Amino acid sequence: MMTTQKRMGYIYIYIETEDANVTLDLNGHNVTNHFKNPIGIFAARGITLSMKGGTFEVINTAKTTSHFDVEQLGRVKSRVNTKPIQFTFGENITSSTKDLDLKYAISKYSDFYLGMNGGFKALQNDGTYNFYTSASDAINNSKDNTAILINDYTGDDSFSASSGVKGIVDLNGKTFTTLSTALNFLYSNVDMTIQNGKIQAFNDNPSKDNLNVGFIGDSDQEVSNIKLALKDVDIESNYYRGFDLHGTDKDLHLTLDHSTLTMTREDSYGIYMPAQESSVTLKNNSTIKAGTGIAVKGGTLNVENSHVLSHGQEFVPSTGAQSGFDETGDAIYVDGSYKFPISVNVKNSEVKSEHAKAMRDLFVAEDSKDTTIVAESGKFSSDVMKYVPDDKAALKVDSNYIIGTAQEVQKEVANANESVEILQGINSIQVPGGVKVENKTEDKVTVNGTEVGKGETITTPAPSTGGGGSTVKLNPVYRAYNPNNGEHLYTLDEKEYKHVASVGWDAEGVAFMAEEEKNGQALYRIYNPNSGLHHYTLDEKEKNTLVSLGWHDEKVAWYTSKKPQSAPVYRVYNPNDGNHHYTMSKQEKDALVTLGWQFEGIAFRTAPIEK
């Protein structure tokens, strides 16, 4: 049975028979509908079709063009979700809008769908694409389980998936804008990846209680085994709430891979994770920025090569929240009041809070064996020493705490402006001029060739003023080590330093300080193409002799200090491979001599150290 009506200016077709084949021939006529529904439920449509599977074609056999002058082109829906309608929109038809709602309906993709609000295409077995208005429909009916967003979208839709769905939503460089929960995954056994685009969640009146950027789990029933990965996705929102992993569910997992979540409100949070046996992973230069960055009451948080930034005001609760958590303004906040197992590990990442703590834990029992919090390496805006392993080095450079291997933290010292505190795991270090250095370890530390005892403070000389009051600028000379041939490269060129580090050399930080040309003595660098070694000398005649023997002249490397009171740089020679080594460290020089290197005296001088 078929019912066809013209309702308030639009075409309404209702088919009771299953698998019917229906063709609507406009025959050159136009469809106009400007009806304004008084209660605002429906837009002014051109077509409404309700069937139980089958096919539906809209064609125009006339020579004149048919036109839809409407707010919404139409809605095509199968009342049996296992029997999608095969929908075709023919040629010689135009429309004032491309807003088309397909529910359990399939249409061959064509350029007609470009310029619509959203819409997805899905690859078919024959190499063509079908068009869908729903990402989940596209995934379920695609050859490769991938839905590709065709156009930017603005509306109130969400990304979601029914139980058992595994697939990919490719945003295709487009922007998906919604005033609802953008990512809403409520069913078990889902494995979804959203990639390659932008998501914006903005609402003029966002609810503080029930509107999230993303929600994983279900508050009404227990679910498990939900995996959501964001890859190359930038999310921005003015909501209060970012992502929630529901607390009574288990085995929930969220991964950000080279993705960002920016919450614009000061009283917002980025991620809340109370769920047991669940995890949040940030990797590959991902960023969370929110009032409170990440709050952990259960599960595992791994932050690697990423950034967690908070900009909310500091609040320190006196008791643990019985439900939810208190927004402390911290970048990473651990609340142990649920007594769930918790593991937090931060590696090679930036963790920064503008007004509160980089990392904080409250209400965690002192003897708890189920809570592990580790700041393995990275840059932190506040004291995290209670979380630093004993085998890691730690410095405070100006206001930031730098954690990692001795080699890793040395790199950050080159950026010091005012102060360096040596906290742990450092034996020797090079520091720029004009910086106050305090040794807070239990052992002596060599700073720019000078021993600094436990509790002692020195200041490396600030750039001095020469005659006439002009400033003498000191520039860092970097040292890199080639593990293949044992050579150390010294360079004033930071780009060269970073380049060799990127191809396998070990970056060892600042070795010396270079003078300006007008105040210094030229140090020449020459290169032996046969051995691959460099040589450094103040003697221009020595340089010219080696160049005549086939060495490459690499000109002036930098300018050294002319002052006899400046710190000496020692030169030692390895008779086995012809390698020369230059160091300010008397201990390093003596150690190499005991191994058979030959001491060749003071090669040149560099900026002095003042105690």
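This report walks through the overall build of the protein and then its aromatic ring pairs.

## The big picture

What you're looking at is a predicted model. The protein has 54 strands and 5 helices. Its C-alpha atoms fill a box of roughly 105 × 65 × 50 Å along the principal axes. The radius of gyration is 33 Å, while a compact globule of 611 residues would come in near 25 Å.

## Inside and outside

Of the 611 residues, 50% count as buried. Take the contacts with a separation of 6 or more: 62% of them come from residues 24 or more positions apart.

As for the outside, the accessible surface is about 28,100 Å², and carbon and sulfur atoms hold 45% of that. On the charge side, there are 79 negative and 58 positive side chains, and the centres of these two sets lie 2 Å apart.

## Rings that pair up

How many aromatic pairs does a search of the whole structure find? It turns up 23. One of them is F159 with F176, a tilted pair at 4.2 Å centre to centre, with 35 degrees between the planes. F159 sits in the loop between strand 16 and strand 17, and F176 is in strand 18, 17 residues apart. Both of these residues are buried.

Now for Y490 and Y536: their planes stand at 90 degrees, with ring centres 5.3 Å apart, so this pair is edge-to-face. Y490 belongs to strand 47 and Y536 to strand 50, so the pair ties together parts 46 residues apart in sequence. Y490 and Y536 are both buried.

Those two tyrosines also have company: ring pairs link Y490, F512, Y536, W558, Y582 and F604 into a cluster.

Conventions
Residues are numbered from 1 along each chain as its sequence is written. This is a predicted model: local features need pLDDT of at least 70, side-chain atom pairs count only at pLDDT 80 or more; totals for chains, interfaces and linings use all residues. Side-chain values use heavy atoms; hydrogens and water are left out. Helices (H or I, at least four residues) and strands (E, at least two) are DSSP runs, numbered from the N terminus. The radius of gyration is taken over C-alpha atoms; the globule rule is 2.2 Å times the number of residues to the power 0.38. Buried means under 20% relative accessible area, exposed over 50%, partly exposed in between (1.4 Å probe, protein chains only). Contact means heavy atoms within 4.5 Å. Accessible areas come from the Shrake-Rupley method with a 1.4 Å probe; for residues, only the protein chains shown count as cover. Lys and Arg count as positive and Asp and Glu as negative; His and the chain ends are not counted. The place of a charge is taken as NZ of Lys, CZ of Arg, CG of Asp or CD of Glu. Rings of Phe, Tyr and Trp (its six-membered ring) pair if their centres lie within 6.5 Å; planes under 30 degrees apart count as stacked, over 60 as edge-to-face and the rest as tilted.
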